[in-house]
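Q: Hi! Could you walk me through some ring contacts and surface features here? Short answers are fine.
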Amino acid sequence: MSVWISLLLGVVQGATEFLPVSSSGHLAILQAIFTAFGAELPAPQDLLLFDILLHAGTLTAVIIAFHRDVAEIAGAFFSLFSVSKRADGKARPAQRLLLLIVLATLPILAVGVFASTFDVLTKNLYFVGAALIGTGSLLYIADRVAPGKKADKTARVSDAMVVGLFQAIAIIPGLSRSGATISAGLMRGFDRKFAVKFSFLMSIPAIVGATVLHVFEAVSQGEFTSGEFFSYIPGMIAAGVVGYFAIAVIKRLVAAGRFGVFAYYCAAVGVITLFLEAFLPKGI
């Protein structure tokens, strides 16, 4: 893989992993365009080591962007093994947030084992385009929901489970994980800032889980002896840097009540995708 292709895929992964526009959908579109003009754009999931490094980059971006929350949650996890408790016997706020994240992760654990069966859908741009339009519609609806007040102290178990269900559904190519989970949080009455924070914090176990699975696959296939390792590094760095700034952008837009701007973008890209499938040279 050339350094330029590595950088391109890293930028696309970093931006679309966190902006509510679907990373799988955009990668499918790029693949179709490259293939139509006689080039071949490797899919990250077909290069396990590269996919692992891209996930490492985006995971680093989330941890840095929410380092204080991550530190508090890590402390809450280790405090579970401590004999000390609050005087009133109630769980610490960070422990409650940890519980909500764990519960929200359960649905994707249940469907994650079937993730590879959805890869074939990325070859069908009609499906990807329709899913992008669906993402846009979801964002449009969520942006018009009255601002809620629920946060880590008041969000309920049922709220976390619903948001987690939306994350599991977003495994479908063309549906945005961040868009689906933030929208679900807003529709469940989450405070705008908390909806964003919860969405990205619950992405950490999902990314870690996917990475661990790919590490086992990569080891079994001898990927770690790949001579292309150093050409993958620029992609990992690009994914991390672009991902960090993408998180900053989405935090500002959601807080300002301008989340809906992505609704128009996704709808437009979805329509363009349908057009591409109809008129691009075949062989994709």
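Q: What sits over the ring of Phe-66?
A: The charged end of Lys-251 does, 4.9 Å from the ring's centre. Keep in mind that this is a predicted model.

Q: Cool. Is Phe-66 buried or exposed?
A: Phe-66 counts as buried, because its relative accessibility is 4%.

Q: Which rings are in a cluster with Phe-66?
A: Ring pairs link Phe-66 with Phe-18 and Phe-200. Phe-200 is buried too, with a relative accessible area of 0%.

Q: Where else does a charge lie over a ring face, say at Tyr-140?
A: Arg-144 lies over the face of Tyr-140, 3.7 Å from the ring centre.

Q: Back to pairs: how many aromatic pairs are there in the whole structure?
A: A search finds 8. One of them joins Phe-50 and Tyr-232, with 5.0 Å between centres and 40° between the planes, a tilted pair.

Q: Why does that pair tie together parts far along the sequence?
A: Phe-50 lies in helix 3 and Tyr-232 in helix 11, so the pair ties together parts that are 182 residues apart in sequence. Phe-50 is buried at 0% relative accessibility, and Tyr-232 is buried at 1%.

Q: New topic! Which residues make the nonpolar surface patch?
A: Ile-64, Ile-237, Val-241, Tyr-244 and Phe-245 make it, and it covers about 480 Å². Helix 11 (residues 229-255) gives the largest share, 4 residues.

Q: And how accessible is Ile-237?
A: Ile-237 lies in helix 11. Its relative accessibility is 48%, so Ile-237 counts as partly exposed.

Definitions and conventions. Residues numbered from 1 in each chain as written. Predicted model: local features only at pLDDT ≥ 70, side-chain atom pairs only at ≥ 80, totals over all residues. Heavy atoms only, no water. Patch = residues over 30% accessible without salt bridge, like charges linked within 9 Å, V, L, I, M, F, W, Y side chains within 5 Å. Areas by Shrake-Rupley, 256 points an atom, 1.4 Å probe, with all protein chains shown as cover. Salt bridge = Lys/Arg side-chain N within 4 Å of Asp/Glu carboxyl O. Helix = DSSP H or I, 4+ residues; strand = E, 2+ residues; numbered from the N terminus. Buried < 20%, exposed > 50% of the residue type's maximum accessible area, 1.4 Å probe, protein only. Phe/Tyr/Trp six-rings, centres within 6.5 Å; stacked < 30°, edge-to-face > 60°. Lys NZ or Arg CZ within 6 Å of the ring centre and 35° of its normal.
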